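Me: I'd like a close look at a single part of this model: the charged side chains that pair up. Where do they sit, and what surrounds them?

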Amino acid sequence: TLFRSLSGSSPAKTDVPAPINVGSAYAATSASQWLVGNQFGVLLDGATVATTPRYLSYGTAWSIAGSQNRIVVSTASGRVIYFDATAKTSQGTINAFSSRVRLSADGTVLAMTGDVNNGGTAQDENVQVLSLTSNPATQLAMFPFAGAPFPQDIALSSSGALLGETLTDGTRAAYKVSGGASVWTDTATPAQGDTTRLPVLFSPD
């Protein structure tokens with residue numbers, strides 16, 4: 001992110017590594033007091049980007065998943081928050097941009113895509129599966145992607161043992177979370193004029 005100060009006798013350029021894609025809004029009272037925002041409703045205290053970024057909003061809720069025991073919300077500020085569904089209290093935060101989140105039936109396993117919405121500044125199409133039985137969450141598996149085709153949507157079986165992926169080229173597949181072995185694959189052909197891709201759906205059992 002590039003900023004220019006016009007307060008002196010000549011413009012001064014400052015390069016700032018912002019953690020979010022910005023460009024929708026900017027306001028400043030001085031070089032040490034300024035804010036930036038983006039189209040996803042994220043507001044960032046600009047003076048903190050060089051240390052620990054301080055967000056003034058969570059931004060858009062990109063994806064929400066729930067079970068009887070837990071609720072997970074993925075936000076445009078690069079924070080995935082999970083809550084106790086009964087007490088409505090926060091149980092932890094995963095610092096990552098995720099466009100899709102899915103939960104197992106008991107709420108102990110979370111599957112999440114990378115930043116398909118391009119809200120952050122680093123390209124990330126990877127899919128990871130995490131255990132939420134402890135805080136911080138622990139990674140169970142990683143399904144890496146580098147460029148297209150990449151996951152447009154994901155699914156997680158009720159047990160959390162199988163991961164389903166729908167890629168941007170129409171390919172659909174299911175994998176074992178433990179070990180990553182493929183158990184099914186298919187190429188869907190969308191109806192004429194339909195740009196969406198048919199999702200992977202698991203039966204409850």
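Reply: One term first: a residue is buried when its relative accessible area is under 20%, exposed when the value is over 50%, and partly exposed in between. Keep in mind, too, that this is a predicted model. On that scale arginine 100, at 26% relative accessibility, is partly exposed because 26% falls between the two limits. Its side chain meets that of aspartate 153 in a salt bridge, N to O at 4.0 Å. Arginine 100 belongs to the loop between strand 10 (90-95) and strand 11, while aspartate 153 is in strand 15 (residues 151-156), so this pair ties together parts 53 residues apart in sequence.

Now for a second pair. Arginine 172 and aspartate 186 also form a salt bridge, with their closest N and O atoms 2.2 Å apart. Here the link runs between strand 17 (residues 171-176), which holds arginine 172, and strand 18 (residues 182-187), which holds aspartate 186; the two residues are 14 apart in sequence. The partners don't share a burial class: arginine 172 is buried at 14% relative accessibility, whereas aspartate 186 is partly exposed at 26%. Back at the earlier pair, there is a third member to add, since salt bridges with shared partners join Arg100, Arg102 and Asp153 into one network.

The third pair is aspartate 45 with arginine 54, where the salt bridge spans 3.0 Å, N to O. Aspartate 45 has a relative accessible area of 12% and is buried, while arginine 54 comes out at 45%, partly exposed. Altogether the count is 4 salt bridges. As for the general chemistry, side chains of opposite charge can pair when their charged atoms come close.

That third pair is a handy way into its surroundings. There is an open sheet of 4 strands here, in the order 3-4-5-6, with antiparallel pairing. Its edges are strand 3 and strand 6 (54-55), each with a single partner strand, so each has one side left without a neighbour in the sheet. Strand 3 (residues 25-30) pairs with strand 4 (residues 33-37) over 5 bridges, antiparallel, and a hairpin of 2 residues joins them. As one example of the register, alanine 28 has tryptophan 34 in strand 4 as its bridge partner. Further along, strand 5 and strand 6 pair in the antiparallel sense over 2 bridges, and the bridge partner of leucine 44 is tyrosine 55 in strand 6.

What about the nonpolar side chains in this region? Leucine 43 is in strand 5 (residues 43-45) and is partly exposed, at 36% relative accessibility. Leucine 43 joins Leu35 and Leu56 in a nonpolar surface patch with about 220 Å² of accessible area together.

Next, the interior. The largest nonpolar core has 12 residues, among them Val72, Tyr82, Ile94, Leu103, Leu110 and Leu132. Strand 9 (79-84), strand 11 (101-103) and strand 12 (109-112) each give this core at least two residues. Apart from it there is another core, of 11 residues, and its members include Ile20, Val36, Leu44 and Tyr55. So the bridge partners leucine 44 and tyrosine 55 both turn up in that 11-residue core. This sort of grouping fits a broad tendency: in soluble globular proteins, nonpolar side chains tend to be buried together.

Within the 12-residue core, leucine 132 is worth a look. Setting aside neighbours within four places in sequence, leucine 132 contacts Arg70, Val72, Tyr82, Ile94, Leu103, Gly107, Thr108, Leu110 and Ala137. Two of those names come back at glutamine 91, which sits in strand 10 and is partly exposed at 25%. With the same neighbours left out, the contacts of glutamine 91 are Arg70, Tyr82, Phe83, Asp84 and Asn135. From glutamine 91 to valine 72 the C-alpha to C-alpha distance is 9.9 Å, with their positions 19 residues apart in sequence.

For the wider frame, the protein chain has 18 strands and 0 helices. Of its 205 residues, 40% are buried. Among contacts with a separation of 6 or more, 33% are between residues 24 or more positions apart. The accessible surface is about 10,900 Å², and carbon and sulfur atoms account for 53% of it.

Conventions
Residues are numbered from 1 along each chain as its sequence is written. This is a predicted model: local features need pLDDT of at least 70, side-chain atom pairs count only at pLDDT 80 or more; totals for chains, interfaces and linings use all residues. Side-chain values use heavy atoms; hydrogens and water are left out. A nonpolar core is a set of buried Ala, Val, Leu, Ile, Met, Phe, Trp, Tyr and Cys residues joined through side-chain atoms within 4.5 Å. Buried means under 20% relative accessible area, exposed over 50%, partly exposed in between (1.4 Å probe, protein chains only). Contact means heavy atoms within 4.5 Å. Two strands pair if DSSP finds at least two bridges between them. Patches are made of residues with over 30% relative accessible area and no salt bridge: like charges are joined within 9 Å, nonpolar side chains (Val, Leu, Ile, Met, Phe, Trp, Tyr) within 5 Å. Accessible areas come from the Shrake-Rupley method with a 1.4 Å probe; for residues, only the protein chains shown count as cover.
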